[in-house]
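Hi,

Here is the structure I promised to pass on to you. Have a look at it first, and then read on for what turned up.

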Amino acid sequence: MSAKAISEQTGKEFLYKHICTTAAVQNRFRYANVTAETDWKQLVQDHPWLLTERLVVKPDQLIKRRGKLGLVGVNLDLEGVKKWLQTRLMKETMVGKAKGILKNFLIEPFVAHKQEEEFYVCIYAAREGDYMLFHHEGGVDVGDVDSKALKLLVGVDEKISADTVKSQLLTHAPADKKEMLNSFLVGLFNMYEDLYFTYLEINPLVVTKDGVYVLDMAAKIDATADYLCKAKWGDVEFPPPFGREAYPEEAYIADLDAKSGASLKLTLLNPRGRIWTMVAGGGASVVYSDTICDLGGVNELANYGEYSGAPSEQQTYDYAKTILSLMTREKHPDGKVLIIGGSIANFTNVAATFKGIVRAIKDYQVPLKEHEVTIFVRRGGPNYQEGLRVMGEVGKTTGIPIHVFGTETHMTAIVGMALGHRPIATQPRVAAHTANFLLNTSSGTTTPASSRSASFSEVKTGCKWDHTPTKKHTIMMFCFPLFLPLLFLCPSLLISVAKSTTLFSDHTKSIVWGMQTRAVQGMLDFDYVCSRQEPSVAAMVYPFTGDHKQKFYWGHKEILLPVFKNMADAMKKHPEVDVLISFASLRSAYDSTIETMQYPQIRTIAIIAEGIPEALTRKIIKMAEEKGVTIIGPATVGGIKPGCFKIGNTGGMLDNILASKLYRPGSVAYVSRSGGMSNELNNIISRTTDGVYEGVAIGGDRYPGSVFMDHVLRYQDTPGVKMIVVLGEIGGNEEYKICNGIKEGRITKPVVCWCIGTCATLFSSEVQFGHAGACANQASETALAKNKALEEAGAFVPKSFDELGDVIKSVYDNLVAKGVIVPAKELPPPTVPMDYSWARELGLIRKPASFMTSICDERGQELIYAGMPITEVFKSEMGLGGTLGLLWFQRRLPRYACQFIEMCLMVTADHGPAVSGAHNTIVCARAGKDLISSLTSGLLTIGDRFGGALDAAAKQFSKAFDSGMLPMEFVNKMKKDGKLIMGIGHRVKSINNPDMRVQILKDFVKQHFPAAQLLDYALEVEKITTSKKPNLILNVDGFIGVAFVDLLRNCGGFTRDEADEFVEIGALNGIFVLGRSMGFIGHYLDQKRLKQGLYRHPWDDISYVLPEHMTM
């Protein structure tokens, strides 16, 4: 959500820190917080004024009208405060319907003042700007300030002025206080704007000759502006509403949500309840809560929450295990039910999310059975068939009762089953599969013919599906009254000017902002199946890459779409484009949208991003009004006009497009806030009518770019639309404009309307639903009040969402009976070949892999080395040697083996600058080459003559030892064959000047290895060779080679054949390469640090031996 309440202490802290005013603001930062854990001695040390001032104490827990509830202690000394708190701190209290524990209190200095020195001030946000309310009388008995207070509207992007405040708000203020009040109010409003407040109320505001005192304050800030205000806000804590505890699990999910591009929400309502939900989608989560409450489950509803926005399998697992952990802590005598529901997803891979839930169910299968949990599942969307299959399988394998349903079942039907109000359906699910819709039997590459003739009731024009002129219109926005009372005083204002009837046609061209290749391909597939002649996407804009072409499919054929680095180039080269679909992030969506509106060719912009600060959204809306641009969103999936155009991921994948008949127009147009629920409406309408004509999801934010009435009026003026469906929700007052439109005769077509969020009035404490705008700030904004008003106005309003489909069908059947709608003959739709990647995801095809690997897997949530998660690698403290064992040998080696590997790497790390590898590295570094080139130059010298003797020594000694040769026989044979014994000999070291590296390794091997037969054999060979020449010792390469063979053969982790194979394939030389790379890098860095110039070998160190005849 966006607007979140903050504590009084936080609000005052913001005010004291950031207000800029000439008025003397008194008692700055003079407040003390008290909880059950408070150390009073420390508190007095931190706030010595507690001992000298008279005091006020009150709970700081978002409680309204504390004074009237007797929850304010006034004019007390410190001992009086303690005594007052004794009867209240940590005590349970009823505030309205909410029962909660008073646990957080605020102590402030008492301000002695007269009644006439109290004032009331409030600032709140609205679509058209920010209202400042001021009343010259304040305090607990202020009464109905909405009717009493003077109001000043500061429009979007306008600045407040002292003269305006003085003339419009301070007419009844005492003359001697006007200047002080004026300065304070201007400073307060500027701070309100600067810190992205959405609501700020001070009552009373006390003004005396000494200055201004802020006594009681309530405030909300736009939490989505955190990225803009973090430096000023600091770390803000958002307390829960009174009556609802702050649970650590809620904080855990909030943290997951903050770290994810998906949306994860959890609110605990009754942890002891028996009905738990795990719902996908913000709108769907409200609908399921409504249905549970409608069926009498409000007192047993344990939680509200949602997961949406394509969370990963791991994120879904974390969310699910949190729910399962909570619901299996206390048993319920009637057992428990878990409703895993959701609408038809637009782009979320249902199978991937369900795999996360399945993992959690498997982990909690024992407690789930102990608590007698029954699970009901209903879902649709991409790959939902596979998701339902795995969910059904886990029920069979675990013994947990899991009932699984797909799109053939009404979305909320499982609630009635779960609560025992309807029988559990036993008929098998329709065996539909994505493949049934998408596999093409034709081989042609031309665009197929249209699959359905226009409805007989439609007006025929030159455009295939469109029934209004296709020329661009100058779009005029109409301004609504400034506040709700005028809705009823002057309803005709609501419908004075209509927007353009047509937003999209089958010739519409768009630009997509963002590298959203999957969404673009979905749009092109939709275009193809709708028999469009050309793709609806002309180009993409992505500032983070250079201009290039991106490959897509048009049916069977591959095409290239241009990708531009900047908007100007895209617009210049594609003047035919009039729609922009913005997938910009919440941080860049504002700037990119403002830039887009500088181009007059753009008439419609869809903003997908969720979480744009409300103040910025209002600026977008204002500019759109000025320029005649229609905004869909923010926080939307978009919209769809069957047979013509779809925005991004709207309508889901092709299987849903085809199942919901979205490839050709029907007679029903709808508008919804929720993107997920819009896809559910596609499903409901396709099953009960001849299909959708057009559908738009305006977005879940408090201030959507276009409102319900904008689209309802478009539908009213579109001949092809015969009936209208509106899915409204709690919060705002837009639905009342539809009521007035019906009453005044502006809307004459049948309107079926249902507002979700009816459960809100049944909760004892405020619940913020998934959409930012789904919150009622007054009685008229509740879903119940809206549904009642719509029914009274003449709209068709079902009794619940469960009955929505039935009402739509009834209205449609009536129109058909009257001849208003004449359903057209249905023809088979054209088909589109399935993408290879998606077919593979569905398990429809298989293909031999180009590569095979058995050591590492990076595809999941956690990196895996040879079957061991990286977290376990660190927990086991196996070090570099153990990691090498996993990656090279696919074994978890004994501790001594890991240590030996690390010792080998240490002793082979470097052997000075004179050896060939280091020399090459140094020469390259001094020639100005980069690290990789210099390192490679050194590594290329490694071979039998330098450093590469480990493998050769291991092979020679192993072969001799395994064949039963005596050491002397081995030496003699090598001499007879004229071969060097690899691993024997050193240029500097000798039997009298031993290599300490070898000695260190030898001591370790003798102490820790279970056996070292090959090493002993090599040492016997060394005795023979050194008797002939002192420097023919077993060198470090030879030692590591033979010792490693002993390690592989005797550590217990390998068979003899496996050990020999590792020697044969060159694994031992890898030890030297890995170790010496550290030294080579060291030499490279050393030369760069010393700033050594280009190396040239001195000529006096070179013997020039040219042929004699060449020197004459």
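**What turned up**

Thr908 counts as buried, with a relative accessibility of 1%. Please keep in mind as you read that this is a predicted model. Thr908 sits in the loop between helix 30 (895-907) and helix 31 (916-926). Its side chain reaches the backbone oxygen of Leu905 at 3.4 Å. Leaving aside residues up to four places away in sequence, Thr908 touches Ile1040, Ile1071, Phe1072, Gly1075 and Arg1076.

Now for another threonine. Thr748 is also a loop residue, found between helix 24 (734-743) and strand 32 (751-756). Is Thr748 buried or exposed? Thr748 is exposed, because its relative accessible area is 59% and the cut-off for that word is over 50%. The side chain of Thr748 makes a polar contact with the side chain of Gln716, at 2.7 Å. You can also find Lys722 from here: 26 residues separate Thr748 and Lys722 along the chain, and their C-alpha atoms are 10.0 Å apart.

Next, have a look at Ile340, which belongs to strand 17 (residues 336-340). Ile340 counts as buried, since its relative accessibility is 0%. What does Ile340 touch, if residues up to four places away in sequence are not counted? The list is Met278, Tyr307, Phe354, Ile357, Ile375, Phe376, Val377, Arg378, Met391 and Ile414. Arg378, one of those contacts, is 38 residues from Ile340 along the chain, while the C-alpha atoms of the two are separated by 6.6 Å.

On to the nonpolar cores. The largest has 106 residues, and the ones with the most contacts inside it are Ile581, Val726, Ile738 and Phe801. Helix 17 (residues 517-529) gives this core its largest share, 7 residues. There is a second, separate core as well, made of 74 residues, among them Tyr31, Leu185, Val207 and Met597. If you want one residue to start from, try Phe801: apart from residues up to four places away in sequence, Phe801 touches Val287, His410, Met411, Thr412, Met677, Ile684, Leu727 and Trp754.

There is something nonpolar on the outside too. Trp1099, Ile1102, Tyr1104 and Leu1106 make a surface patch of about 510 Å². Leu1106 is placed in the loop between helix 39 (1067-1089) and helix 40 (1108-1111). With 53% relative accessibility, Leu1106 counts as exposed.

Last come the salt bridges. How many salt bridges does the structure hold? The total is 48, and here are three you can look up:

- Glu13 pairs with Lys17, with the closest N and O atoms 3.2 Å apart. Both lie in helix 1 (residues 8-18), 4 residues apart, which is about one turn of the helix. Glu13 is partly exposed at a relative accessible area of 27%, and Lys17 is partly exposed at 48%.
- Glu386 pairs with Arg389, and here the closest N and O atoms are 2.7 Å apart. The two are 3 residues apart in helix 13 (residues 384-398), so about one helical turn separates them. Arg389 counts as partly exposed, with 41% relative accessibility.
- Asp1060 pairs with Arg1056, the closest N and O atoms being separated by 3.5 Å. Both are in helix 38 (residues 1056-1064), with 4 residues, or about one turn of the helix, between their positions. Asp1060 is partly exposed at 31% relative accessibility, and Arg1056 is partly exposed with a relative accessible area of 42%.

Some salt bridges also share partners: Glu8, Lys12, Lys58, Arg66, Glu108 and Asp216 are joined into one network that way.

If you open the model with just a few places in mind, I'd go for buried Thr908, exposed Thr748, Phe801 in the largest nonpolar core and the patch with Leu1106.

Cheers

How values were computed: Residues numbered from 1 in each chain as written. Predicted model: local features only at pLDDT ≥ 70, side-chain atom pairs only at ≥ 80, totals over all residues. Heavy atoms only, no water. Buried < 20%, exposed > 50% of the residue type's maximum accessible area, 1.4 Å probe, protein only. Polar contact = N/O pair within 3.5 Å; in protein donor to acceptor, adjacent residues only side chain to side chain. Core = buried A, V, L, I, M, F, W, Y, C linked by side-chain atoms within 4.5 Å. Contact = heavy atoms within 4.5 Å. Patch = residues over 30% accessible without salt bridge, like charges linked within 9 Å, V, L, I, M, F, W, Y side chains within 5 Å. Areas by Shrake-Rupley, 256 points an atom, 1.4 Å probe, with all protein chains shown as cover. Salt bridge = Lys/Arg side-chain N within 4 Å of Asp/Glu carboxyl O.
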